Amino acid sequence: MKKVISLCLLLFLAACQPVQVYDSSNITEEVVVKALQGNGVNLLEAEFPKSVYGSKLENVKPRAYEVSGKPFFIFEFKTENDLDKGKKEFAKKTETMNLVSASKFEKRNILIFYVHGQNLNSDSVPFEKEIQEALDGISEG
């Protein structure tokens with residue numbers, strides 16, 4: 001009888017363990033880069049001096065690129081929930097900072113910062129339309 005109860009308890013505890021399941025709706029940085037380049041956004045891998053836009057969020061370090069000499073950071077989070085936590089962390093880090101103008105883009109588990117330095121009220125931020133169109137063109141999982 002003790003063996004049966006022990007076995008049941010063991011099975012119950014095993015069932016309670018979180019299981020990391022691959023979410024096919026997540027996308028990779030590689031897919032994003034190909035979509036951007038296919039839409040006329042030429043990305044060059046780059047390194048920039050320490051920047052809040054390129055700092056780790058939720059233990060995810062972004063890949064750094066440049067678009068026409070401007071910093072461009074792509075974060076690939078494990079889940080959309082992690083992305084939300086990363087955005088909250090960024091907001092908390094920067095709440096008292098005076099930041100250079102940047103555009104933020106999201107697609108499922110991907111977060112992008114394009115640090116263009118243009119006036120935020122400008123209707124003509126270079127590549128902004130192309131970036132959004134490329135992300136919109138990535139099919140849902």
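## Exercises on a predicted five-stranded model

In the hairpin formed by E4 and E5, two residues lie between the strands, and Arg-108 takes a positive phi near 50 degrees there. Helices (H or I, at least four residues) and strands (E, at least two) are DSSP runs, numbered from the N terminus. The model is predicted, so that local features need pLDDT of at least 70 and side-chain atom pairs count only at pLDDT 80 or more, while totals for chains, interfaces and linings use all residues. Residues are numbered from 1 along each chain as its sequence is written, and side-chain values use heavy atoms, with hydrogens and water left out.

### Exercise 1. Confidence

Determine where confidence is lowest and where it is highest in the protein.

*Solution.*
Step 1. The term pLDDT is the predictor's confidence in each residue, from 0 to 100. The protein averages 86, and 82% of the residues score at least 70.
Step 2. Helix H1 (residues 2-15) has the lowest confidence, with a mean of 51, whereas E5 has the highest, at 98.
Step 3. Contact means heavy atoms within 4.5 Å. Over residues 7-11 pLDDT stays under 50, and the model has zero contacts for them beyond four places in sequence. Over residues 17-22 pLDDT also stays under 50, with one contact beyond four places in sequence.

### Exercise 2. The sheet

Establish the order of the strands in the sheet, and state which strands stand at its edges.

*Solution.*
Step 1. The protein has four helices and five strands, which follow the pattern α-α-β-β-β-α-β-β-α along the sequence.
Step 2. Two strands pair if DSSP finds at least two bridges between them. The five strands form an open sheet in the order E1-E2-E3-E5-E4, with antiparallel pairing.
Step 3. At the edges stand strand E1 (44-45) and strand E4 (103-107); each has a single partner strand, so one side of each is left without a neighbour in the sheet.
Step 4. Helix H3 (residues 80-94) packs on the sheet and touches E4 and E5, its direction making about 35 degrees with that of E5. Angles run from 0 to 180 degrees between N-to-C directions, and axes are lines fitted to C-alpha atoms, for helices over the stretch in contact.
Step 5. Five bridges join E2 to E3, and five also pair E3 with E5. Ile-74 in E3 is the bridge partner of Arg-63, and Ile-112 in E5 is the bridge partner of Ile-74. E4 and E5 likewise pair over five bridges, with Glu-106 opposite Leu-111 in E5.

### Exercise 3. Strand E5 and the core

Find how many residues of E5 are buried, and identify the elements that give two or more residues to the largest nonpolar core.

*Solution.*
Step 1. Buried means under 20% relative accessible area, exposed over 50%, and partly exposed in between (1.4 Å probe, protein chains only). In E5, five of its five residues are buried.
Step 2. In a regular strand the side chains alternate between the two faces of the sheet. Ile-110, Ile-112 and Tyr-114 are buried on one side of E5, and Leu-111 and Phe-113 on the other.
Step 3. A nonpolar core is a set of buried Ala, Val, Leu, Ile, Met, Phe, Trp, Tyr and Cys residues joined through side-chain atoms within 4.5 Å. The largest has 19 residues, and those with the most contacts inside it include Val-32, Phe-72, Ile-74 and Ile-112.
Step 4. Helix H2 (29-38), strand E2 (63-67), strand E3 (70-76), strand E5 (110-114) and helix H4 (128-136) each give two or more residues to this core.
Step 5. Another core, of 13 residues, lies apart from it, with Val-52, Tyr-53, Leu-57 and Ala-64 among them.

### Exercise 4. The faces of helix H4

Explain why the buried residues of H4 line one face of the helix.

*Solution.*
Step 1. H4 lies across E3, E4 and E5 and runs at about 10 degrees to E4.
Step 2. Ile-131, Ala-134 and Leu-135 are buried in H4. Seen down the axis of H4, its buried residues fall within an arc of 95 degrees, so they line one face of the helix. The arc is that of the directions from the helix axis to the C-beta atoms.
Step 3. On the other side of H4, Lys-129 and Asp-136 are exposed. The cover over the buried residues of H4 includes H2, E3, E4 and E5.

### Exercise 5. Two residues with positive phi

Decide whether Asn-59 is buried or exposed, and likewise Arg-108.

*Solution.*
Step 1. Asn-59 has a positive phi of about 65 degrees although it is not a glycine, and its place is in the loop between E1 and E2. At 72% relative accessibility, Asn-59 counts as exposed.
Step 2. Arg-108 lies in the loop between E4 and E5. With a relative accessible area of 11%, Arg-108 is buried.
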